[in-house]
Amino acid sequence: MDYFTIGGISSSSFNAYIYDSNVFDSPSRSVDTYDVPGRNGALTVVGSEKFDNRELWYDMYIPKSMISNVRGLSNYLHSLKGYQRLEDTLELDTYKKAMYVEALQLSLKTSKEAAFRVTFDCQPEKWLKSGEQKTVFTKNGSISNPTVQTAKPLVRVYGKGSVQIGNQTIEVLKAPTEYIDIDCDIQDCFEGTANRNSYVSLTDFPVLGPGSNGITFGTGITKVEITPRWWIL
């Protein structure tokens, strides 16, 4: 009996289980189309690393205690604000970021059971749970990206000096109290709640391409921790 979990609460808590889903469908690539006067067809500009949000749905059934469980699930889903971590038992190795925006309408109901569709606005990435695991380096090494997608890691650096990750070099100009977190997704450097962008010099934020990515220590850096954030479509 498959189920989904969002915001830390599973649909099975409301006796609601999945009997069908489009979870294995992929998002579409973002393409801008322009009409050019005097030219046949259209000019298209493809954002090679940009994918659109997609509609993710689960067809659900509740086999017992229909009224209390439908009310409970509906009220819980409507209480969620913004994008939430969404997992399901159909793909145990991934999670998604999704927002509940649709009304819950029953396609079948009796006093005991119900069937209905739950629809989410889902960001395009499926995040691998293995990408949440932190890898610690105290000397030169490498980290291997198991996907074909370029990852934007969270990098924690200890010390003052330089370290090269892939093709990019991070130089810490001023020693932090303990460490500096370099978030390559939101492109921000911080230590806890303190801004540390002025402590760091880099040409670009490091990314982890498919395959092996080298980690090379310069002087002064004592430890590097990388949370890679692997993802697939």
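Okay, strands first: here they are DSSP runs of E of at least two residues, numbered from the N terminus, and two of them pair if DSSP finds at least two bridges between them. This is a predicted model, so keep in mind that local features need pLDDT of at least 70, side-chain atom pairs count only at pLDDT 80 or more, and totals for chains, interfaces and linings use all residues. Residues are numbered from 1 along each chain as its sequence is written, and side-chain values use heavy atoms, with hydrogens and water left out.

Let's start with β10, residues 114-122. How many bridges join β8 to β10? Three, and the two strands run antiparallel; Y100 has F120 in β10 as its bridge partner. β9, residues 106-109, also pairs with β10 in the antiparallel sense, over three bridges, with L106 opposite F116. Those two make a hairpin with four residues between them. Then there's β6, residues 54-62, joined to β10 by nine bridges, again antiparallel, and I62 partners A114 there. Seven of the nine residues in β10 are buried (under 20% relative accessible area, 1.4 Å probe, protein chains only), so the strand is largely enclosed by the rest of the structure.

Next up, the pocket. By pocket I mean an open set of points on a 1 Å grid over the protein atoms alone, where a 1.4 Å probe fits, with protein on both sides within 12 Å along at least five of seven lines; lining residues have an atom within 4 Å of a point. The largest one holds about 580 Å³, counted as the space filled by probe spheres set on the points. Of its 23 lining residues, the closest to the centre are E125, W127, K152, D185 and W231. Which strand gives the most to that lining? That's β5, with four residues. β5 (43-51), β8 (91-100) and β11 (126-128) each supply at least two. By class, the lining has nine nonpolar, five polar and nine charged residues.

Last, two open sheets, both with antiparallel pairing. One has six strands, in the order β12-β22-β14-β17-β18-β19. β12 (135-137) and β19 (194-195) are at its edges with a single partner strand each, so one side of each has no neighbour in the sheet. Inside that order, β14 (154-159) and β22 (221-227) pair over six bridges, and L154 partners T227.

The other sheet has five strands, ordered β13-β21-β15-β16-β20, with β13 (141-145) and β20 (200-201) as edge strands. Two bridges join β16 (168-172) to β20, and V172 partners V200.

Technical notes
Ala, Val, Leu, Ile, Met, Phe, Trp, Tyr, Cys and Pro count as nonpolar, Asp, Glu, Lys and Arg as charged, and the others, Gly among them, as polar. Buried means under 20% relative accessible area, exposed over 50%, partly exposed in between (1.4 Å probe, protein chains only).
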